[in-house]
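Some labels below rest on a cut-off. The questions ask how each label follows from its value.

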Amino acid sequence: MRTTNYLLSTQKEAPSDAVIVSHQLMLRAGMIRKLASGLYTWLPTGLRVLRKVENIVREEMERAGVVEILMPVVQPADLWVETGRWDKYGGELLRVKDRHTRDFVLGPTHEEVVTELVRKEVNSYKQLPLNLFQIQTKFRDETRPRFGVMRAREFTMKDAYSFHLEQECLEKTYQNMYAAYCRIFERLGLEYRPVIADTGSIGGDASHEFHVLAQSGEDAIVFSNESDYAANVEKAEALAPTFDRPAATAEVTTIDTPNVHSIEEVCAALNVEATQVVKTLLVEGSCEEGETAPVVALVLRGDHNLNEIKAENIEGIASPLLFATEAQIKAAANCDAGSIGPKGLTIRTIVDRSAEKLADFICGANETGKHLAGVNWDRDITDYEVADIRDVVEGDASPCGQGTLSIARGIEVGHIFQLGTTYSEAMKAAVLNQQGKNQTLTMGCYGIGISRIVAAAIEQSNDKNGIIWNDTLAPFSVVIVPMNMKKSHRVAELAEKYYAELQAAGIEVLLDDRKERPGIMFADAELIGMPHTLVIGDRSIDNGVIEYKDRQSGEKQEVKIDEVIDFIK
Ligand code: ATP
Ligand code: MG
Ligand code: MG
Ligand code: MG
(Lines give C-alpha, C1' and ligand atoms only; values in the text may rest on other atoms or scores of the structure.)
(Ligands and ions follow the chains in the order given, each with its own letter.)
Protein backbone atom coordinates (compact mmCIF):
# COMPACT_ATOMS: atom_id res chain seq x y z
CA MET A 1 0.00 0.00 0.00
CA ARG A 2 1.13 3.52 -0.81
CA THR A 3 0.19 6.31 1.53
CA THR A 4 -0.91 8.48 -1.40
CA ASN A 5 -3.55 5.88 -2.29
CA TYR A 6 -4.50 5.31 1.32
CA LEU A 7 -6.72 7.10 3.85
CA LEU A 8 -4.27 7.81 6.65
CA SER A 9 -6.32 10.40 8.59
CA THR A 10 -4.01 10.87 11.57
CA GLN A 11 -4.71 13.67 14.04
CA LYS A 12 -2.58 15.59 16.54
CA GLU A 13 -5.30 15.81 19.19
CA ALA A 14 -8.15 13.61 20.29
CA PRO A 15 -11.55 15.15 21.06
CA SER A 16 -12.15 15.77 24.74
CA ASP A 17 -14.90 13.16 25.00
CA ALA A 18 -12.27 10.46 24.44
CA VAL A 19 -11.11 9.75 27.99
CA ILE A 20 -9.33 6.43 27.79
CA VAL A 21 -6.09 6.03 25.92
CA SER A 22 -7.28 3.43 23.41
CA HIS A 23 -10.18 5.63 22.37
CA GLN A 24 -7.88 8.65 21.99
CA LEU A 25 -5.29 6.70 20.02
CA MET A 26 -7.81 4.96 17.78
CA LEU A 27 -9.13 8.38 16.79
CA ARG A 28 -5.70 9.98 16.47
CA ALA A 29 -4.22 7.09 14.50
CA GLY A 30 -7.15 7.22 12.08
CA MET A 31 -8.54 3.80 12.98
CA ILE A 32 -12.14 4.78 13.67
CA ARG A 33 -14.51 7.71 13.29
CA LYS A 34 -17.65 8.32 15.27
CA LEU A 35 -20.85 8.54 13.27
CA ALA A 36 -23.23 8.90 16.23
CA SER A 37 -23.25 7.76 19.84
CA GLY A 38 -21.90 4.19 19.94
CA LEU A 39 -21.70 3.96 16.14
CA TYR A 40 -18.29 3.93 14.47
CA THR A 41 -16.87 3.72 10.98
CA TRP A 42 -13.73 1.60 10.74
CA LEU A 43 -11.13 3.41 8.64
CA PRO A 44 -8.62 1.31 6.68
CA THR A 45 -6.01 1.20 9.46
CA GLY A 46 -8.54 0.12 12.07
CA LEU A 47 -10.17 -2.37 9.76
CA ARG A 48 -6.85 -4.06 9.03
CA VAL A 49 -6.38 -4.69 12.75
CA LEU A 50 -9.99 -5.77 13.23
CA ARG A 51 -9.56 -8.33 10.45
CA LYS A 52 -6.42 -9.72 12.12
CA VAL A 53 -8.32 -10.32 15.34
CA GLU A 54 -11.14 -11.87 13.34
CA ASN A 55 -8.78 -14.19 11.50
CA ILE A 56 -7.09 -15.47 14.63
CA VAL A 57 -10.45 -16.11 16.24
CA ARG A 58 -11.68 -17.86 13.08
CA GLU A 59 -8.55 -20.03 12.86
CA GLU A 60 -8.82 -21.11 16.48
CA MET A 61 -12.54 -21.81 16.17
CA GLU A 62 -11.87 -24.00 13.15
CA ARG A 63 -9.02 -25.72 14.95
CA ALA A 64 -11.43 -26.44 17.82
CA GLY A 65 -13.90 -28.05 15.40
CA VAL A 66 -16.42 -25.21 15.32
CA VAL A 67 -18.19 -24.60 12.00
CA GLU A 68 -18.77 -21.12 10.58
CA ILE A 69 -22.21 -19.88 9.59
CA LEU A 70 -23.68 -16.40 9.16
CA MET A 71 -27.07 -15.48 10.59
CA PRO A 72 -29.10 -12.33 9.86
CA VAL A 73 -28.78 -9.20 11.96
CA VAL A 74 -32.52 -8.63 11.72
CA GLN A 75 -34.50 -11.25 13.63
CA PRO A 76 -38.25 -11.82 13.77
CA ALA A 77 -39.78 -10.90 17.14
CA ASP A 78 -41.75 -14.19 17.21
CA LEU A 79 -38.62 -16.09 18.20
CA TRP A 80 -37.99 -13.69 21.06
CA VAL A 81 -41.58 -14.10 22.20
CA GLU A 82 -41.03 -17.88 22.21
CA THR A 83 -38.13 -17.64 24.66
CA GLY A 84 -39.77 -14.88 26.69
CA ARG A 85 -36.92 -12.48 26.00
CA TRP A 86 -39.15 -10.13 23.97
CA ASP A 87 -40.46 -8.97 27.35
CA LYS A 88 -37.42 -9.64 29.50
CA TYR A 89 -34.53 -8.22 27.51
CA GLY A 90 -35.23 -4.56 28.21
CA GLY A 91 -33.93 -1.37 26.66
CA GLU A 92 -30.80 -2.82 25.06
CA LEU A 93 -32.99 -4.61 22.52
CA LEU A 94 -33.58 -2.41 19.50
CA ARG A 95 -37.02 -3.20 18.12
CA VAL A 96 -38.04 -2.26 14.60
CA LYS A 97 -41.10 -2.80 12.41
CA ASP A 98 -41.18 -3.67 8.74
CA ARG A 99 -43.61 -2.17 6.19
CA HIS A 100 -46.26 -4.70 7.20
CA THR A 101 -45.88 -3.49 10.81
CA ARG A 102 -44.43 -6.85 11.83
CA ASP A 103 -42.00 -6.68 14.77
CA PHE A 104 -38.30 -7.39 14.40
CA VAL A 105 -35.20 -6.87 16.52
CA LEU A 106 -31.63 -6.00 15.63
CA GLY A 107 -29.81 -8.99 17.11
CA PRO A 108 -27.92 -8.27 20.34
CA THR A 109 -27.17 -12.02 20.45
CA HIS A 110 -28.30 -15.06 18.45
CA GLU A 111 -29.53 -17.86 20.74
CA GLU A 112 -33.05 -17.68 19.30
CA VAL A 113 -31.96 -17.70 15.67
CA VAL A 114 -29.46 -20.52 16.03
CA THR A 115 -31.92 -22.64 18.01
CA GLU A 116 -34.51 -22.07 15.29
CA LEU A 117 -31.96 -23.27 12.74
CA VAL A 118 -30.93 -26.35 14.67
CA ARG A 119 -34.46 -27.45 15.60
CA LYS A 120 -35.20 -27.58 11.87
CA GLU A 121 -31.92 -29.00 10.58
CA VAL A 122 -30.97 -31.51 13.25
CA ASN A 123 -33.27 -34.43 13.98
CA SER A 124 -31.08 -37.26 15.19
CA TYR A 125 -28.53 -37.77 17.94
CA LYS A 126 -26.23 -38.93 15.14
CA GLN A 127 -25.82 -35.30 14.03
CA LEU A 128 -24.58 -34.32 17.49
CA PRO A 129 -22.62 -32.75 19.00
CA LEU A 130 -22.70 -29.69 16.78
CA ASN A 131 -20.88 -26.42 17.37
CA LEU A 132 -21.58 -23.41 15.11
CA PHE A 133 -20.02 -19.96 15.11
CA GLN A 134 -20.35 -16.68 13.29
CA ILE A 135 -18.44 -13.41 13.22
CA GLN A 136 -21.06 -10.77 12.95
CA THR A 137 -22.42 -7.35 13.78
CA LYS A 138 -24.44 -7.09 16.97
CA PHE A 139 -26.59 -4.21 18.07
CA ARG A 140 -27.17 -3.34 21.72
CA ASP A 141 -28.75 -0.06 22.66
CA GLU A 142 -26.37 0.41 25.59
CA THR A 143 -27.48 2.93 28.23
CA ARG A 144 -24.04 4.41 28.29
CA PRO A 145 -22.10 3.89 25.05
CA ARG A 146 -18.57 5.05 25.75
CA PHE A 147 -14.85 4.50 25.33
CA GLY A 148 -15.24 4.28 21.55
CA VAL A 149 -15.54 0.73 20.24
CA MET A 150 -15.00 -0.64 23.75
CA ARG A 151 -18.68 -0.13 24.58
CA ALA A 152 -20.36 0.62 21.31
CA ARG A 153 -23.96 0.10 20.30
CA GLU A 154 -23.01 -1.62 17.06
CA PHE A 155 -20.01 -3.94 17.38
CA THR A 156 -18.46 -7.12 16.03
CA MET A 157 -18.77 -10.31 18.03
CA LYS A 158 -17.77 -13.89 17.46
CA ASP A 159 -20.57 -15.96 18.88
CA ALA A 160 -20.68 -19.76 18.94
CA TYR A 161 -23.44 -22.11 20.02
CA SER A 162 -23.04 -25.81 20.78
CA PHE A 163 -25.72 -28.51 20.86
CA HIS A 164 -25.55 -31.79 22.74
CA LEU A 165 -27.60 -34.73 23.88
CA GLU A 166 -26.04 -34.89 27.33
CA GLN A 167 -24.58 -32.50 29.90
CA GLU A 168 -21.35 -34.51 29.92
CA CYS A 169 -20.81 -33.81 26.26
CA LEU A 170 -21.52 -30.11 26.81
CA GLU A 171 -18.91 -30.01 29.55
CA LYS A 172 -16.33 -31.53 27.24
CA THR A 173 -17.04 -28.95 24.54
CA TYR A 174 -17.02 -26.20 27.17
CA GLN A 175 -13.52 -27.22 28.26
CA ASN A 176 -12.45 -27.36 24.65
CA MET A 177 -13.79 -23.83 24.06
CA TYR A 178 -12.14 -22.60 27.26
CA ALA A 179 -8.82 -23.89 25.94
CA ALA A 180 -9.47 -22.34 22.50
CA TYR A 181 -10.15 -18.99 24.17
CA CYS A 182 -6.87 -19.21 26.08
CA ARG A 183 -5.05 -19.93 22.82
CA ILE A 184 -6.75 -16.95 21.15
CA PHE A 185 -5.79 -14.47 23.86
CA GLU A 186 -2.27 -15.85 24.01
CA ARG A 187 -1.83 -15.55 20.24
CA LEU A 188 -3.15 -11.99 20.40
CA GLY A 189 -0.39 -11.27 22.90
CA LEU A 190 -2.77 -10.04 25.60
CA GLU A 191 -2.39 -10.25 29.34
CA TYR A 192 -5.67 -11.83 30.36
CA ARG A 193 -7.47 -13.74 33.13
CA PRO A 194 -10.38 -16.14 32.95
CA VAL A 195 -12.78 -15.60 35.87
CA ILE A 196 -15.86 -17.48 36.97
CA ALA A 197 -18.89 -15.46 35.99
CA ASP A 198 -22.53 -15.23 36.82
CA THR A 199 -24.92 -16.82 34.36
CA GLY A 200 -27.36 -13.97 35.01
CA SER A 201 -30.46 -13.65 32.90
CA ILE A 202 -29.16 -16.12 30.30
CA GLY A 203 -29.49 -18.90 32.85
CA GLY A 204 -27.60 -22.17 32.87
CA ASP A 205 -25.04 -23.78 35.09
CA ALA A 206 -21.50 -22.63 34.47
CA SER A 207 -19.89 -19.58 32.97
CA HIS A 208 -16.50 -17.93 32.63
CA GLU A 209 -15.52 -14.46 31.53
CA PHE A 210 -12.15 -13.64 29.99
CA HIS A 211 -10.73 -10.31 31.08
CA VAL A 212 -7.89 -8.33 29.60
CA LEU A 213 -6.12 -6.62 32.48
CA ALA A 214 -6.09 -2.83 32.09
CA GLN A 215 -6.47 0.15 34.41
CA SER A 216 -9.35 1.49 32.34
CA GLY A 217 -11.33 -1.76 32.67
CA GLU A 218 -14.92 -1.33 33.75
CA ASP A 219 -14.82 -4.46 35.89
CA ALA A 220 -12.72 -5.15 38.95
CA ILE A 221 -11.43 -8.66 39.49
CA VAL A 222 -9.77 -10.29 42.45
CA PHE A 223 -7.55 -13.27 41.88
CA SER A 224 -4.98 -15.43 43.50
CA ASN A 225 -1.49 -15.32 42.06
CA GLU A 226 -1.36 -19.12 42.10
CA SER A 227 -4.77 -20.69 41.89
CA ASP A 228 -6.68 -20.25 38.59
CA TYR A 229 -10.01 -20.01 40.27
CA ALA A 230 -11.87 -16.76 39.70
CA ALA A 231 -15.46 -15.56 39.84
CA ASN A 232 -17.76 -12.58 39.67
CA VAL A 233 -19.74 -11.13 42.47
CA GLU A 234 -23.14 -12.60 41.60
CA LYS A 235 -21.59 -16.06 41.41
CA ALA A 236 -19.86 -15.49 44.70
CA GLU A 237 -23.15 -14.46 46.19
CA ALA A 238 -24.70 -17.76 45.18
CA LEU A 239 -21.84 -19.52 46.93
CA ALA A 240 -22.30 -17.42 50.03
CA PRO A 241 -26.05 -17.40 50.52
CA THR A 242 -25.85 -16.34 54.16
CA PHE A 243 -23.84 -13.28 53.37
CA ASP A 244 -25.78 -10.08 52.96
CA ARG A 245 -24.65 -8.32 49.87
CA PRO A 246 -24.75 -4.56 50.37
CA ALA A 247 -28.00 -3.59 48.80
CA ALA A 248 -27.92 -1.00 46.10
CA THR A 249 -30.53 1.50 47.08
CA ALA A 250 -32.27 2.52 43.96
CA GLU A 251 -34.61 5.42 43.81
CA VAL A 252 -36.32 6.51 40.69
CA THR A 253 -37.12 10.15 40.90
CA THR A 254 -37.32 13.05 38.56
CA ILE A 255 -35.88 16.38 39.42
CA ASP A 256 -36.96 19.04 37.04
CA THR A 257 -34.61 21.95 36.88
CA PRO A 258 -35.09 24.86 34.56
CA ASN A 259 -32.58 25.12 31.71
CA VAL A 260 -29.64 23.63 33.50
CA HIS A 261 -26.46 24.04 31.47
CA SER A 262 -23.68 24.19 34.00
CA ILE A 263 -22.60 22.61 37.24
CA GLU A 264 -23.17 25.93 38.93
CA GLU A 265 -26.76 26.03 37.74
CA VAL A 266 -27.33 22.45 38.85
CA CYS A 267 -25.83 23.13 42.24
CA ALA A 268 -28.02 26.17 42.54
CA ALA A 269 -31.10 24.20 41.55
CA LEU A 270 -30.32 21.52 44.12
CA ASN A 271 -29.27 24.08 46.67
CA VAL A 272 -25.86 22.50 46.86
CA GLU A 273 -22.48 24.09 47.36
CA ALA A 274 -19.86 22.80 44.99
CA THR A 275 -17.25 23.01 47.73
CA GLN A 276 -19.00 20.60 50.06
CA VAL A 277 -18.94 17.73 47.67
CA VAL A 278 -18.74 14.13 48.74
CA LYS A 279 -20.97 12.75 46.03
CA THR A 280 -20.75 12.31 42.33
CA LEU A 281 -23.68 11.98 40.05
CA LEU A 282 -22.72 10.41 36.77
CA VAL A 283 -24.83 10.99 33.77
CA GLU A 284 -26.12 7.77 32.30
CA GLY A 285 -27.01 7.43 28.66
CA SER A 286 -26.48 9.80 25.84
CA CYS A 287 -28.53 12.81 25.13
CA GLU A 288 -28.46 15.87 23.00
CA GLU A 289 -27.97 19.25 24.55
CA GLY A 290 -31.22 20.48 26.03
CA GLU A 291 -32.69 16.95 26.31
CA THR A 292 -33.47 15.35 29.64
CA ALA A 293 -30.58 13.21 30.83
CA PRO A 294 -31.03 10.20 33.09
CA VAL A 295 -28.53 10.39 35.92
CA VAL A 296 -26.86 7.72 38.03
CA ALA A 297 -25.50 8.75 41.36
CA LEU A 298 -22.47 6.91 42.63
CA VAL A 299 -22.08 7.50 46.31
CA LEU A 300 -18.48 8.11 47.25
CA ARG A 301 -17.31 8.34 50.80
CA GLY A 302 -14.47 10.32 52.25
CA ASP A 303 -12.12 12.56 50.34
CA HIS A 304 -12.24 12.23 46.64
CA ASN A 305 -10.80 14.34 43.91
CA LEU A 306 -13.95 15.28 42.13
CA ASN A 307 -12.11 17.61 39.82
CA GLU A 308 -10.93 14.53 37.97
CA ILE A 309 -14.45 13.62 37.03
CA LYS A 310 -15.75 15.93 34.40
CA ALA A 311 -18.93 15.75 32.41
CA GLU A 312 -17.18 16.48 29.16
CA ASN A 313 -15.05 13.39 29.73
CA ILE A 314 -18.03 11.15 29.26
CA GLU A 315 -18.79 10.34 25.69
CA GLY A 316 -22.11 11.41 24.31
CA ILE A 317 -23.02 13.49 27.31
CA ALA A 318 -24.01 17.08 27.01
CA SER A 319 -25.34 17.51 30.52
CA PRO A 320 -23.12 18.40 33.44
CA LEU A 321 -22.36 16.17 36.38
CA LEU A 322 -23.96 16.89 39.69
CA PHE A 323 -21.90 17.16 42.81
CA ALA A 324 -23.70 17.10 46.12
CA THR A 325 -23.60 15.70 49.61
CA GLU A 326 -25.50 12.53 50.43
CA ALA A 327 -28.05 14.43 52.50
CA GLN A 328 -28.53 16.94 49.76
CA ILE A 329 -29.04 14.28 47.14
CA LYS A 330 -31.53 12.45 49.31
CA ALA A 331 -33.34 15.66 49.98
CA ALA A 332 -33.35 16.49 46.31
CA ALA A 333 -34.48 13.02 45.30
CA ASN A 334 -37.33 13.06 47.74
CA CYS A 335 -38.47 16.48 46.86
CA ASP A 336 -41.58 17.20 44.92
CA ALA A 337 -40.70 17.34 41.24
CA GLY A 338 -42.80 20.41 40.76
CA SER A 339 -40.96 22.31 43.42
CA ILE A 340 -37.76 22.57 41.43
CA GLY A 341 -38.87 23.61 38.03
CA PRO A 342 -40.34 22.73 34.67
CA LYS A 343 -37.61 20.89 32.77
CA GLY A 344 -34.08 19.58 33.08
CA LEU A 345 -32.32 16.61 34.57
CA THR A 346 -33.59 13.30 35.86
CA ILE A 347 -32.08 11.38 38.74
CA ARG A 348 -32.76 7.76 38.02
CA THR A 349 -30.78 5.60 40.42
CA ILE A 350 -28.79 6.22 43.48
CA VAL A 351 -26.38 3.40 44.14
CA ASP A 352 -24.83 3.22 47.55
CA ARG A 353 -21.86 0.95 47.82
CA SER A 354 -19.62 1.19 50.74
CA ALA A 355 -16.13 -0.07 50.15
CA GLU A 356 -16.00 -1.70 53.54
CA LYS A 357 -19.11 -3.72 52.90
CA LEU A 358 -17.78 -4.83 49.56
CA ALA A 359 -14.50 -5.89 51.05
CA ASP A 360 -16.39 -7.84 53.69
CA PHE A 361 -18.41 -9.38 50.98
CA ILE A 362 -15.39 -10.54 49.04
CA CYS A 363 -13.80 -12.09 52.10
CA GLY A 364 -17.13 -13.71 53.02
CA ALA A 365 -17.55 -15.07 49.54
CA ASN A 366 -14.03 -16.35 49.51
CA GLU A 367 -14.47 -18.20 52.78
CA THR A 368 -17.71 -19.79 51.76
CA GLY A 369 -16.56 -20.47 48.25
CA LYS A 370 -13.59 -22.51 49.54
CA HIS A 371 -11.57 -22.37 46.34
CA LEU A 372 -12.85 -19.00 45.37
CA ALA A 373 -9.91 -16.78 44.67
CA GLY A 374 -11.39 -14.42 42.17
CA VAL A 375 -14.23 -12.01 42.00
CA ASN A 376 -15.54 -9.79 39.28
CA TRP A 377 -17.62 -6.88 40.46
CA ASP A 378 -19.92 -5.21 38.10
CA ARG A 379 -18.79 -2.05 36.48
CA ASP A 380 -20.26 0.48 38.84
CA ILE A 381 -17.34 0.10 41.20
CA THR A 382 -15.26 3.23 41.28
CA ASP A 383 -11.51 3.44 41.47
CA TYR A 384 -11.95 5.03 44.82
CA GLU A 385 -13.71 1.93 46.10
CA VAL A 386 -11.24 -0.41 44.48
CA ALA A 387 -8.39 1.34 46.24
CA ASP A 388 -10.28 1.05 49.48
CA ILE A 389 -11.02 -2.61 49.02
CA ARG A 390 -7.44 -3.24 48.06
CA ASP A 391 -6.36 -2.11 51.54
CA VAL A 392 -8.63 -4.69 53.09
CA VAL A 393 -8.23 -7.65 50.77
CA GLU A 394 -4.99 -7.51 48.87
CA GLY A 395 -2.26 -9.69 50.16
CA ASP A 396 -4.58 -11.94 52.18
CA ALA A 397 -4.03 -15.59 51.54
CA SER A 398 -6.63 -17.02 49.26
CA PRO A 399 -9.08 -19.35 51.01
CA CYS A 400 -7.94 -22.38 49.06
CA GLY A 401 -4.51 -21.71 50.52
CA GLN A 402 -2.94 -21.15 47.14
CA GLY A 403 -1.14 -17.85 46.77
CA THR A 404 -2.26 -14.40 47.80
CA LEU A 405 -5.00 -12.20 46.47
CA SER A 406 -4.56 -9.21 44.25
CA ILE A 407 -7.02 -6.85 42.66
CA ALA A 408 -6.97 -5.67 39.09
CA ARG A 409 -9.23 -3.94 36.66
CA GLY A 410 -10.43 -5.97 33.71
CA ILE A 411 -12.01 -5.51 30.30
CA GLU A 412 -14.44 -8.33 29.51
CA VAL A 413 -13.35 -9.62 26.11
CA GLY A 414 -14.93 -13.07 26.15
CA HIS A 415 -17.72 -14.93 27.88
CA ILE A 416 -18.65 -18.61 27.74
CA PHE A 417 -21.79 -20.24 29.17
CA GLN A 418 -23.18 -23.68 29.74
CA LEU A 419 -26.77 -22.83 28.87
CA GLY A 420 -28.32 -26.22 29.50
CA THR A 421 -31.86 -26.51 28.16
CA THR A 422 -33.09 -22.95 28.77
CA TYR A 423 -33.53 -22.11 25.09
CA SER A 424 -34.05 -25.57 23.66
CA GLU A 425 -36.91 -26.23 26.06
CA ALA A 426 -38.61 -22.92 25.37
CA MET A 427 -38.23 -23.44 21.63
CA LYS A 428 -38.83 -27.20 21.64
CA ALA A 429 -35.50 -28.08 20.07
CA ALA A 430 -35.18 -31.84 20.41
CA VAL A 431 -33.79 -34.84 18.53
CA LEU A 432 -34.45 -38.55 18.49
CA ASN A 433 -32.07 -40.26 20.88
CA GLN A 434 -30.62 -43.78 20.63
CA GLN A 435 -33.80 -45.21 22.06
CA GLY A 436 -35.84 -43.47 19.38
CA LYS A 437 -37.31 -41.05 21.94
CA ASN A 438 -37.49 -37.26 21.67
CA GLN A 439 -34.84 -35.64 23.84
CA THR A 440 -34.39 -31.89 24.44
CA LEU A 441 -31.03 -30.53 23.35
CA THR A 442 -28.46 -29.23 25.82
CA MET A 443 -26.69 -26.03 24.75
CA GLY A 444 -23.60 -23.92 25.32
CA CYS A 445 -22.79 -20.44 24.01
CA TYR A 446 -19.46 -18.70 23.60
CA GLY A 447 -18.86 -15.00 22.81
CA ILE A 448 -15.80 -12.92 22.01
CA GLY A 449 -15.86 -9.14 21.56
CA ILE A 450 -13.80 -8.85 18.37
CA SER A 451 -13.98 -5.07 18.09
CA ARG A 452 -13.52 -4.58 21.84
CA ILE A 453 -10.31 -6.61 21.66
CA VAL A 454 -8.78 -4.04 19.30
CA ALA A 455 -9.29 -1.33 21.92
CA ALA A 456 -8.23 -3.61 24.78
CA ALA A 457 -4.96 -4.45 23.01
CA ILE A 458 -4.17 -0.74 22.69
CA GLU A 459 -4.95 -0.18 26.39
CA GLN A 460 -2.22 -2.71 27.14
CA SER A 461 0.35 -1.47 24.68
CA ASN A 462 1.03 2.19 24.06
CA ASP A 463 3.41 5.00 24.95
CA LYS A 464 3.44 8.78 24.70
CA ASN A 465 4.03 8.59 20.96
CA GLY A 466 1.14 6.29 20.19
CA ILE A 467 0.17 2.68 19.74
CA ILE A 468 2.69 -0.16 19.95
CA TRP A 469 1.43 -3.08 17.89
CA ASN A 470 2.92 -6.52 18.08
CA ASP A 471 3.60 -8.27 14.77
CA THR A 472 0.36 -10.25 15.08
CA LEU A 473 -2.02 -7.30 15.19
CA ALA A 474 -0.15 -4.50 13.39
CA PRO A 475 -2.03 -2.95 10.45
CA PHE A 476 1.23 -3.04 8.51
CA SER A 477 4.36 -4.82 9.54
CA VAL A 478 6.81 -2.44 7.86
CA VAL A 479 6.66 1.21 6.86
CA ILE A 480 9.18 2.60 4.41
CA VAL A 481 9.99 6.27 5.01
CA PRO A 482 11.97 7.71 2.10
CA MET A 483 13.49 11.12 2.74
CA ASN A 484 13.17 13.43 -0.20
CA MET A 485 11.81 10.75 -2.48
CA LYS A 486 10.58 13.35 -4.94
CA LYS A 487 14.01 14.89 -5.37
CA SER A 488 16.41 11.99 -4.92
CA HIS A 489 16.31 9.43 -7.65
CA ARG A 490 18.43 7.01 -5.60
CA VAL A 491 16.12 7.19 -2.60
CA ALA A 492 13.02 6.67 -4.73
CA GLU A 493 14.55 3.71 -6.50
CA LEU A 494 15.62 1.97 -3.30
CA ALA A 495 12.28 2.64 -1.62
CA GLU A 496 10.42 1.16 -4.59
CA LYS A 497 12.78 -1.83 -4.65
CA TYR A 498 12.20 -2.63 -0.97
CA TYR A 499 8.49 -2.05 -1.39
CA ALA A 500 8.29 -4.59 -4.23
CA GLU A 501 10.54 -7.13 -2.51
CA LEU A 502 8.73 -6.98 0.82
CA GLN A 503 5.39 -7.39 -0.93
CA ALA A 504 6.77 -10.35 -2.87
CA ALA A 505 7.88 -11.85 0.45
CA GLY A 506 4.28 -11.58 1.70
CA ILE A 507 5.11 -8.86 4.22
CA GLU A 508 2.51 -6.13 4.74
CA VAL A 509 4.26 -2.91 3.89
CA LEU A 510 3.26 0.74 3.63
CA LEU A 511 5.35 3.01 1.45
CA ASP A 512 5.05 6.56 2.74
CA ASP A 513 5.30 8.32 -0.61
CA ARG A 514 3.79 11.61 0.59
CA LYS A 515 5.50 14.94 0.03
CA GLU A 516 5.76 15.42 3.79
CA ARG A 517 8.54 16.44 6.10
CA PRO A 518 10.34 13.38 7.55
CA GLY A 519 9.28 14.44 11.07
CA ILE A 520 5.62 14.13 10.13
CA MET A 521 6.14 10.73 8.54
CA PHE A 522 8.04 9.44 11.61
CA ALA A 523 5.39 10.76 13.96
CA ASP A 524 2.63 9.05 11.99
CA ALA A 525 4.53 5.76 11.91
CA GLU A 526 4.94 5.91 15.69
CA LEU A 527 1.36 7.00 16.34
CA ILE A 528 -0.10 4.20 14.20
CA GLY A 529 2.33 1.82 15.88
CA MET A 530 4.11 0.29 12.89
CA PRO A 531 6.44 -2.36 14.34
CA HIS A 532 9.28 -1.82 11.84
CA THR A 533 10.35 1.42 10.14
CA LEU A 534 12.89 1.63 7.32
CA VAL A 535 14.30 5.11 6.78
CA ILE A 536 15.94 5.67 3.42
CA GLY A 537 18.06 8.79 2.87
CA ASP A 538 20.84 9.92 0.59
CA ARG A 539 23.31 10.23 3.43
CA SER A 540 22.92 6.66 4.65
CA ILE A 541 22.93 5.31 1.10
CA ASP A 542 26.38 6.91 0.77
CA ASN A 543 27.43 4.70 3.67
CA GLY A 544 25.84 1.62 2.12
CA VAL A 545 23.17 1.35 4.82
CA ILE A 546 19.65 2.33 5.68
CA GLU A 547 18.29 3.13 9.12
CA TYR A 548 15.94 0.72 10.88
CA LYS A 549 13.77 1.54 13.90
CA ASP A 550 12.02 -0.96 16.13
CA ARG A 551 8.79 0.51 17.59
CA GLN A 552 8.64 -1.86 20.55
CA SER A 553 12.17 -1.29 21.87
CA GLY A 554 12.60 2.17 20.36
CA GLU A 555 16.06 1.10 19.20
CA LYS A 556 17.59 2.27 15.96
CA GLN A 557 20.23 0.45 13.97
CA GLU A 558 21.85 0.59 10.58
CA VAL A 559 21.29 -2.28 8.18
CA LYS A 560 23.37 -2.94 5.07
CA ILE A 561 21.44 -2.07 1.94
CA ASP A 562 21.56 -5.61 0.57
CA GLU A 563 20.56 -7.26 3.83
CA VAL A 564 17.36 -5.35 4.53
CA ILE A 565 14.85 -7.89 3.26
CA ASP A 566 16.49 -10.80 5.09
CA PHE A 567 16.73 -8.64 8.20
CA ILE A 568 13.01 -7.88 8.12
CA LYS A 569 12.06 -11.48 7.37
P1 ATP B 1 -20.53 -6.10 29.24
O2 ATP B 1 -20.55 -6.72 30.62
O3 ATP B 1 -19.25 -5.42 28.93
O4 ATP B 1 -21.74 -5.26 28.96
P5 ATP B 1 -21.80 -8.40 28.24
O6 ATP B 1 -21.58 -9.30 29.40
O7 ATP B 1 -23.10 -7.70 28.12
O8 ATP B 1 -20.61 -7.31 28.20
P9 ATP B 1 -21.84 -10.66 26.46
O10 ATP B 1 -23.31 -10.77 26.27
O11 ATP B 1 -21.17 -11.61 27.39
O12 ATP B 1 -21.49 -9.14 26.86
O13 ATP B 1 -21.19 -10.67 25.00
C14 ATP B 1 -19.96 -11.30 24.64
C15 ATP B 1 -18.83 -10.29 24.44
O16 ATP B 1 -19.20 -9.23 23.55
C17 ATP B 1 -18.42 -9.58 25.69
O18 ATP B 1 -17.58 -10.39 26.47
C19 ATP B 1 -17.71 -8.35 25.14
O20 ATP B 1 -16.37 -8.65 24.82
C21 ATP B 1 -18.46 -8.06 23.86
N22 ATP B 1 -19.37 -6.92 24.05
C23 ATP B 1 -20.52 -6.89 24.75
N24 ATP B 1 -21.10 -5.70 24.70
C25 ATP B 1 -20.30 -4.92 23.92
C26 ATP B 1 -20.37 -3.57 23.47
N27 ATP B 1 -21.39 -2.78 23.80
N28 ATP B 1 -19.38 -3.10 22.67
C29 ATP B 1 -18.35 -3.90 22.31
N30 ATP B 1 -18.24 -5.18 22.70
C31 ATP B 1 -19.19 -5.70 23.49
MG1 MG C 1 -23.67 -5.77 28.45
MG1 MG D 1 -20.60 -8.67 31.30
MG1 MG E 1 -20.78 -11.18 29.42
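Q: What makes the pair Arg153 and Asp141 a salt bridge?
A: In this predicted model, the closest N and O atoms of Arg153 and Asp141 are 2.9 Å apart. The rule asks for a side-chain nitrogen of Lys or Arg within 4 Å of a carboxyl oxygen of Asp or Glu, so the pair qualifies. Both residues lie in the loop between β7 (130-139) and β8 (154-164), so the bridge ties together parts that are 12 residues apart in sequence.

Q: Why is Arg153 called buried?
A: Its relative accessible area is 18%, and buried means under 20%, so Arg153 is buried.

Q: Why is Asp141 called partly exposed rather than buried or exposed?
A: Asp141 has a relative accessible area of 24%. Buried ends at 20% and exposed means over 50%, so Asp141 falls in between.

Q: How do you know that Arg490 and Asp542 form a salt bridge?
A: Their closest N and O atoms are 2.9 Å apart, and the limit is 4 Å. Arg490 is in helix α15 (residues 489-504) and Asp542 in helix α17 (residues 538-542), 52 residues apart. Asp542, at 55%, is exposed, the cut-off being over 50%; Arg490, at 38%, is partly exposed.

Q: Why is helix α2 called roughly antiparallel to helix α6?
A: The axes of α2 (residues 44-63) and α6 (residues 167-187) cross at roughly 150°. Angles over 145 degrees count as roughly antiparallel, so α2 is roughly antiparallel to α6.

Technical notes. Residues numbered from 1 in each chain as written. Chains lettered and ligands numbered in written order. Predicted model: local features only at pLDDT ≥ 70, side-chain atom pairs only at ≥ 80, totals over all residues. Heavy atoms only, no water. Axes fitted to C-alpha atoms, helices over the stretch in contact; angles between N-to-C directions. Helix = DSSP H or I, 4+ residues; strand = E, 2+ residues; numbered from the N terminus. Parallel < 35°, antiparallel > 145°, perpendicular 65-115°, else oblique. Buried < 20%, exposed > 50% of the residue type's maximum accessible area, 1.4 Å probe, protein only.
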